[in-house]
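Here's a quick walk through a single chain, starting with the overall layout and ending on one helix. Have a look at the model first.

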Amino acid sequence: MIKLAILVPRRSDLTLEEFKTHWKDIHGPLFSSQPEVKRYVRKYIQVHSTGEHLDQFPVASFDGIAEIWFDQMEDINKVFGTENYLKTIAPDEAKFIDRENILWIYATENIVIDLKNQQ
C-alpha cells in the first residue's frame with residue numbers, strides 16, 4: 001500500500017475557514033465522484049489545520065494534508081495523470097489551493113501505536 005501525503009497551502013486571498021469549507025464541501029465530493037478515483041483510491045482523508053499553535057513549536061506553512069492510499073505507485077498516475085483530472089479536478093483545486101507551493105510525499109506506513117487494535 002502506498003500513501004500519498006500532499007501538503008496543502010491555501011490561496012493567500014482565502015481565510016482558513018473559506019479554504020476548509022471549499023475543500024470539505026466542494027472539492028472532497030467532486031474528487032471522490034470521479035471514475036478513476038473510485039477505481040484506484042483505497043482511502044482519502046483530509047487533514048484540516050485548526051489554526052491553533054503552541055508557542056514553543058514552529059507552525060508549518062500548510063493548511064492541510066491530503067492523505068490518499070493506493071495499491072501501488074503506478075495507480076497514482078491513473079488518477080492524477082488523466083485528462084479528467086486536468087479538466088475537472090485541477091481547475092477546482094485552483095479555486096482554493098496555492099498549487100505552486102504544494103508538496104507531495106510518497107510513503108509507506110510504520111504503525112507504532114494503534115489503540116483501537118489493542119485488547
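What follows covers the fold, some whole-chain values and then helix α4.

Keep in mind that this is a predicted model. Its chain has four helices and four strands, and reading from the N terminus the order is β-α-α-β-β-α-α-β. Taken along the principal axes, the C-alpha atoms fill a box of roughly 45 × 45 × 20 Å. Looking at contacts between residues at least 6 apart in sequence, 77% of them join residues at least 24 apart.

Here are some values for the chain as a whole.

| Feature of the chain | Value |
|---|---|
| Buried residues | 35% of the 119 residues |
| Exposed area | about 8,000 Å² |
| Share of that area from carbon and sulfur atoms | 52% |
| Positive side chains | 14 side chains |
| Negative side chains | 19 side chains |
| Distance between the centres of the two charge sets | 6 Å |

Now for α4, which spans residues 83–93. Which of its residues are buried? They are Tyr 85, Ile 89, Ala 90, Asp 92 and Glu 93. These sit on the same side of α4, because they cover an arc of only 155 degrees around the axis. That spacing fits a general rule: an α-helix has 3.6 residues a turn, so residues three or four places apart point the same way.

And what covers the buried residues of α4? The cover includes α1 (16–32) and α3 (74–80). Over on the other side of α4, Glu 83, Leu 86 and Lys 87 are exposed.

Terms used
Residues are numbered from 1 along each chain as its sequence is written. This is a predicted model: local features need pLDDT of at least 70, side-chain atom pairs count only at pLDDT 80 or more; totals for chains, interfaces and linings use all residues. Side-chain values use heavy atoms; hydrogens and water are left out. Buried means under 20% relative accessible area, exposed over 50%, partly exposed in between (1.4 Å probe, protein chains only). Helices (H or I, at least four residues) and strands (E, at least two) are DSSP runs, numbered from the N terminus. The arc is that of the directions from the helix axis to the C-beta atoms. Contact means heavy atoms within 4.5 Å. Accessible areas come from the Shrake-Rupley method with a 1.4 Å probe; for residues, only the protein chains shown count as cover. Lys and Arg count as positive and Asp and Glu as negative; His and the chain ends are not counted. The place of a charge is taken as NZ of Lys, CZ of Arg, CG of Asp or CD of Glu.
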